[in-house]
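Let's walk through this structure together, going from the chains to the contact between them and then to single residues. Have the sequence and the 3D view open as you read.

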Amino acid sequence: MKLRRAMNIFIFLAPATFIYTLFVMVPSISGLYYSFTDWDGISPSFNLIGAANFQEIFQDRLFYKSLRNSVIFTAIVVVFKNVLALFFAVLLDRKLKLTGFFRSVFFLPAIISAIVVAYTWVTIFNPVFGFWQVLFQAIGWESAAKYDLLGSTATSLYAVAFVSVWQTMGYAMVIYLAGLQTIPGELYESAEMDGAGRWRKFVHVTFPLVAPAVTINLILSTINAFKEFDLVYILTGGGPFDSSQVIGTAIYKVAFETNQFGYGIAMSLILFFIIAMISLGQLWYLKKREVEY
Amino acid sequence: MAVADRIVRLLAYVLLSVTSLVILYPIAIIFISSLKPGKEFMADPFGLPKSWTLQNYVSAWENAEFSTYFGNSFVITAASVLFTVLFGSMASYALNWNFRGSRQWFSYFLLGIMIPIQAKIITLFILLKQLGIINTHFGLILVFVAFDLPLSIFIFFGFFKTIPMELKDAAQLDGCSEVGTFWRIIMPISRPIISTVVILTGLHVWNSFFLPLILLQDRKLFPITLGLQRLKGEFSVDWPMFFAAMVMLMIPIIVLFVLMQKQFIKGLTSGAVKG
């Protein structure tokens, strides 16, 4: 009987455990080792070089630039995405005509590949024939019409952030909507009886009670923005002059374009560490503020 | 009061409509431009086509190898989804038996959700090279399954916990083995949760770019996403044909989304929302 139980456990758990261990855990843990080497990924031999990779990272202009860009990108995306998402969720929580239609439209970009989204905006921002140019020409603003948003160091990062908000706002909105629907209607009624207006109802009833959705959205959007690769890679390739280089694309550049594998791995461990810290810190802080009812 | 209410309502409609336009217009442009003859596009990129044509689709499909890319995307997605669902559901079912160490085993799987892809991609590339399965669909599919297992195990685990024990016991009294119970009793009643995992995994794999970019080098093996990027990079782009190829990537997803909106939204948010 006991043997049979063990057999069953083995049959059911072996495939998943084997694949997961080999392709998720082994690479993650062996990364720790490789980050202390100078391997280029091709040559058969490499040297252990201690913490030299990490020392080099902290003197590397590319690393600081991409870290700074990632922080700016994340801040913009997280703030705009969540403010807009919560705003539209509150609008769509009521019974308006066409509510279902608007919800589906807002959610639509979330199911489309980031590659298609990026190329769509490459087309729109195209300085030669893009819609951007057509639009500003039509209203007679010549200098704006000629502006190359993705190709200028001053705007490339913000243009990518805009596209990211465009793509993921609806997803965050749906999570807020799910949170709003758990708020009992009586709470609004009693707030109204106490003479609360629209804004005060939002501040004192809606916002505190939708706190768990805020928590999950802030964590998800911070982590995802920090890891961003696809959009940046297609929209700008990190350029011009690294003006939109984020950590995700910098790691790719270092490891797969200049073949500094050990150095790239060391960089990716720092990314992992930052993400772990952000999510733990955010979780702890936001949990404190959630309201029980 | 009633007047103020009306104004607010009107304002809400205006805001919602404008935002919908900002979301739909860029997507619509791609669709419309893909149906325009090349010359007409260069002369007037954003007008409605004077003569509609499917020629861009034909040339993307036949001359630019998108028939191959489409087939590759399909094979990679189908296989990854199948094995993620199969192995994920099996593992979560067994983790619900509450044997010694089952909780730790579950946590071990969840650990994978926290590790960002960049933190393992370089060593993964090296590992696949050493195993001799770099630049193969087989290797790529295994990696997709491994990456999608943690979330699918999390979702299945929550569902299996709600299945009453009596159901299982009754089946086993009738002489069903664990494998038989799982296959004949548990899987059929798990259809809703299976569709959730299928949508979540399928969408992730179909839309993915980063993993194929790193793990595949041979053009013949490329999925559509990678094919698009190569098409853009190598020639002076035939834009309408490029748009046609973009539509090929998104049309299956959009059609499915329109048909099963509820399942899509539930599937995509099931990692984030309880229940």
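What follows is a short tour, chain by chain and then residue by residue.

Please keep in mind that this is a predicted model. A good place to begin is chain A, whose secondary structure comes to 14 helices and zero strands. Reading along its sequence, you will therefore meet the pattern α-α-α-α-α-α-α-α-α-α-α-α-α-α. The C-alpha atoms of chain A fill a box of roughly 75 × 75 × 35 Å along the principal axes. Its radius of gyration is 24 Å, whereas a compact globule of 293 residues would have one near 19 Å. Of those 293 residues, 41% count as buried. Take the contacts in chain A between residues at least 6 apart in sequence: 72% of them join residues at least 24 apart.

Now turn to chain B, which has 14 helices and zero strands. From the N terminus on, its elements run α-α-α-α-α-α-α-α-α-α-α-α-α-α. The radius of gyration of chain B is 24 Å, well over the 19 Å that the globule rule gives for 275 residues, so this chain is more spread out than a compact globule. Its C-alpha atoms fill a box of roughly 75 × 70 × 35 Å, again along the principal axes. In chain B, 41% of the 275 residues count as buried. Among its contacts with a separation of 6 or more, 76% come from residues 24 or more positions apart.

How do the two chains meet? The contact takes 63 residues from chain A and 61 residues from chain B. On the side of chain B that touches chain A, helix H1 (residues 2–33) of chain B gives the largest share, with nine residues. By class, that side of chain B divides into 49 nonpolar, ten polar and two charged residues.

For a closer look at one piece of packing between the chains, find helix H1 (residues 2–34) of chain A and helix H7 (residues 137–160) of chain B. These two helices pack at an angle of about 115 degrees, with their axes 9 Å apart, and the crossing of H1(A) and H7(B) is left-handed. From H1(A), the contact is made by Ala16(A), Ile19(A), Tyr20(A), Phe23(A) and Val24(A). H7(B) brings a set that includes Leu142(B), Val143(B), Ala146(B) and Phe147(B). The contact of H1(A) with H7(B) has twelve nonpolar residues, with no polar and no charged ones.

Val143(B) is worth a stop here. Leaving aside residues up to four places away in sequence, Val143(B) touches Phe23(A), Leu124(B), Leu211(B) and Leu215(B). Val143(B) also appears among the residues with the most contacts inside the largest nonpolar core, which has 153 residues. Others in that group are Ala118(A), Met173(A), Tyr176(A), Ala245(B) and Met246(B).

Our last stop is Asp230(A), in helix H12 (residues 230–235) of chain A. Is this residue buried or exposed? Asp230(A) is buried, because 22 other C-beta atoms lie within 10 Å, and the cut-off for buried is 20 or more. Its partners, apart from residues up to four places away in sequence, are Ala114(A), Ile115(A), Ala118(A), Phe209(B) and Phe210(B). Ile115(A) is 115 residues from Asp230(A) along the chain, yet their C-alpha atoms are separated by 6.6 Å.

Notes
Residues are numbered from 1 along each chain as its sequence is written. Chains are lettered from A and ligands numbered from 1 in the order in which they are written. This is a predicted model: local features need pLDDT of at least 70, side-chain atom pairs count only at pLDDT 80 or more; totals for chains, interfaces and linings use all residues. A nonpolar core is a set of buried Ala, Val, Leu, Ile, Met, Phe, Trp, Tyr and Cys residues joined through C-beta atoms within 7 Å. A residue is buried if 20 or more other C-beta atoms lie within 10 Å of its own, exposed if 12 or fewer, and partly exposed in between; C-beta atoms are placed from the backbone. Two residues are in contact if their C-beta atoms, placed from the backbone, lie within 7 Å. Helices (H or I, at least four residues) and strands (E, at least two) are DSSP runs, numbered from the N terminus. Ala, Val, Leu, Ile, Met, Phe, Trp, Tyr, Cys and Pro count as nonpolar, Asp, Glu, Lys and Arg as charged, and the others, Gly among them, as polar. The radius of gyration is taken over C-alpha atoms; the globule rule is 2.2 Å times the number of residues to the power 0.38. Axes are lines fitted to C-alpha atoms, for helices over the stretch in contact, and angles run from 0 to 180 degrees between N-to-C directions. A crossing is left-handed if the near helix is turned anticlockwise from the far one by less than a right angle, and right-handed if clockwise.
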